[in-house]
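Let's take a walk through this two-chain model and see what the geometry has to say. Have the sequence and the 3D view open side by side.

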Amino acid sequence: MSANDFAFLSDLLKRRSGMMLPTAKSHLIESRLAPVARRFGFKTVDALLHELPRGSEGMARAVTEAMTINDTWFFRDRAMFDAFRDTILPAMRIRRMTQGRIRIWCAASATGQEAYSLAMILQEAELAAHEWEIELIATDLNTDSIARAREGLYTNYEVQRGLGIRRLVSHFTQTGENEWRVSDSLRRSIMFRSFNLLDSFDWLGEVDVVFCRNVLLYFDDATKRRVLKKLVAATVRDGFLLMGTAENPHEIVPELEAATDARGVYTRTHPQQKRVRA
Amino acid sequence: MKSCLIVDDSRVIRKVAARILEELQFHTEEAEDGASALSVCRHSMPDVILLDWSMPNMPCQEFLRSVRKEKDGKRPKIVLCTTENDANHIADVLGAGADEYIMKPFDKASLSAKLAEIGAR
């Protein structure tokens with residue numbers, strides 16, 4: 001791969017997804033793009049990259065999506081899901097008592113494991129039995145990932161990562177030697193759609209709990225700040241924002257304050273409180 | 001350091017499991033069948049037992065029931081490990097006293113997640 005081809009790819013990714021591609025990560029290029037090269041009829045990844053500047057919209061999109069897939073598993077960072085179940089959900093049940101409605105957004109749900117983990121917690125909390133209306137929205141940049149998430153099919157390996165056997169037995173059915181399907185009730189409880197965090201949030205409205213974990217760390221500082229501000233604005237004032245444990249959003253948006261012992265859980269502080277402290 | 005007893009008739013599988021468990025900071029012991037596993041438990045009850053489903057000489061349900069009857073036998077977290085992955089087997093071994101169930105082949109990520117699930121890590 002020539003330096004020009006690398007520069008073009010790196011620029012394309014940044015423009016379309018916000019993702020930075022440091023040269024240290026260039027080892028990912030071959031493995032991620034080999035299937036794309038085959039799909040578009042190229043013998044090698046190098047040949048694909050060489051053609052990319054003159055390629056179609058579909059090719060640019062396929063390359064972006066393949067490069068931005070992130071690893072995920074059920075109940076990844078367990079402490080965060082415990083905080084959701086034990087602190088956030090009880091708090092929102094009190095704060096939204098009158099409305100009887102809670103909106104939750106999984107902003108980078110990849111192949112759906114995080115969204116289904118939340119859906120399991122919500123179902124186990126039996127909110128529906130108490131007339132709660134729960135809106136769980138799961139989005140991802142990658143249209144293939146969203147399609148997979150919507151289908152709810154996972155391999156033996158995927159259902160073993162983070163998912164306890166009792167939850168597996170109660171929320172999944174085995175549909176093949178190496179295939180498990182999420183229950184219809186869980187699938188119906190989530191609204192899946194593909195969405196790029198760089199685009200307008202207008203369709204979304206305000207959300208009580210926002211999960212956006214391990215995405216911003218791939219962005220450059222300016223993009224990170226811009227997207228984070230939009231995420232904060234989308235979170236209702238007394239809601240929660242959950243980030244990856246290695247991201248430190250409060251360093252960028254001082255309005256955010258750690259909410260629980262579990263790392264990565266934030267609330268928005270009231271402007272008055274800030275003034276008192278200052 | 002927590003201890004884990006690995007019960008499997010295949011020496012290769014025991015070695016692979018032992019290497020993963022040692023990376024996860026477990027002290028490991030090995031047994032090749034149910035009878036020798038029971039005698040290890042009687043000598044010193046481990047914190048975790050990783051138990052192969054298809055052991056020679058003793059069905060795993062029998063081992064589960066026997067070990068649970070031992071002094072301190074309720075304490076270990078028992079993870080069944082098997083290539084049989086249909087839901088009937090799962091219900092059966094959970095009924096006989098297993099805490100978790102892991103399908104082969106497993107790796108460090110999946111075993112680590114399972115151990116976290118039952119609070120053994």
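What is the place of Q25(B) in chain B? Q25(B) sits in the loop between α1 (11-23) and β2 (26-31) of chain B, where helices (H or I, at least four residues) and strands (E, at least two) are DSSP runs numbered from the N terminus.

Before going further, some housekeeping. This is a predicted model, in which local features need pLDDT of at least 70, side-chain atom pairs count only at pLDDT 80 or more, and totals for chains, interfaces and linings use all residues. Residues are numbered from 1 along each chain as its sequence is written, while chains are lettered from A and ligands numbered from 1 in the order in which they are written.

**Backbone oddities**

Most residues other than glycine have a negative phi, and most peptide bonds are trans. Q25(B) is not a glycine, yet has a positive phi of about 70 degrees. F75(A), also not a glycine, has a positive phi of about 50 degrees. F75(A) is in the loop between α4 (57-67) and α5 of chain A.

The surroundings of these two residues can be read from C-beta counts. A residue is buried if 20 or more other C-beta atoms lie within 10 Å of its own, exposed if 12 or fewer, and partly exposed in between, with C-beta atoms placed from the backbone. F75(A) has 24 C-beta neighbours inside 10 Å, so it counts as buried. Q25(B) has 9 other C-beta atoms within 10 Å, so it is exposed.

Chain B has a peptide bond to look at as well: the one from K104(B) to P105(B) is cis, with omega near -5 degrees. P105(B) belongs to the loop between β5 and α5 of chain B.

**The two chains**

Chain B has five helices and five strands, and along the sequence they run β-α-β-α-β-α-β-α-β-α. Its radius of gyration is 13 Å, close to the 14 Å that the globule rule gives for 121 residues, so chain B is as compact as a globular protein of that length. That radius is taken over C-alpha atoms, and the rule is 2.2 Å times the number of residues to the power 0.38. Chain A has twelve helices and ten strands. Its radius of gyration of 20 Å agrees with the value near 19 Å for a compact globule of 278 residues.

In the table, two residues are in contact if their C-beta atoms, placed from the backbone, lie within 7 Å.

| Chain | C-alpha extent along principal axes | Buried residues | Contacts 24 or more positions apart, of those with a separation of 6 or more |
|---|---|---|---|
| Chain A | about 60 × 55 × 30 Å | 39% of 278 residues | 70% of contacts |
| Chain B | roughly 35 × 30 × 25 Å | 41% of 121 residues | 62% of contacts |

**Domains and core**

Chain A is divided into domain 1 (3-67) and domain 2 (78-276), with bounds that come from an automatic or database domain assignment. The centres of these two domains, taken over C-alpha atoms, are 29 Å apart. Six residues of domain 1 of chain A are in contact with twelve residues of domain 2 of chain A.

What about the interior? A nonpolar core here is a set of buried Ala, Val, Leu, Ile, Met, Phe, Trp, Tyr and Cys residues joined through C-beta atoms within 7 Å. The largest one has 109 residues, and those with the most contacts inside it are L136(A), V210(A), L50(B), L51(B) and L80(B). Helix α5 (residues 78-95) of chain A gives the largest share of this core, seven residues. Both domain 1 (3-67) and domain 2 (78-276) of chain A give residues to this core, so it lies between them. Zooming in on L51(B), and leaving aside neighbours within four places in sequence, its contacts include V7(B), C60(B), F63(B) and L80(B).

**Where the chains meet**

The contact takes 17 residues from chain B and eleven residues from chain A. On the side of chain B that touches chain A, the elements giving two or more residues are α4 (87-95), β5 (100-103) and α5 (108-117) of chain B. The largest share of that side, six residues, comes from α5(B).

**How far to trust it**

The mean pLDDT of chain A, the predictor's confidence in each residue from 0 to 100, is 91, and 97% of its residues reach 70 or more. Over residues 274-278 of chain A, though, the pLDDT is below 50, and this stretch has one contact in the model beyond near neighbours in sequence. Where pLDDT is low, the predicted coordinates should not be read in detail.
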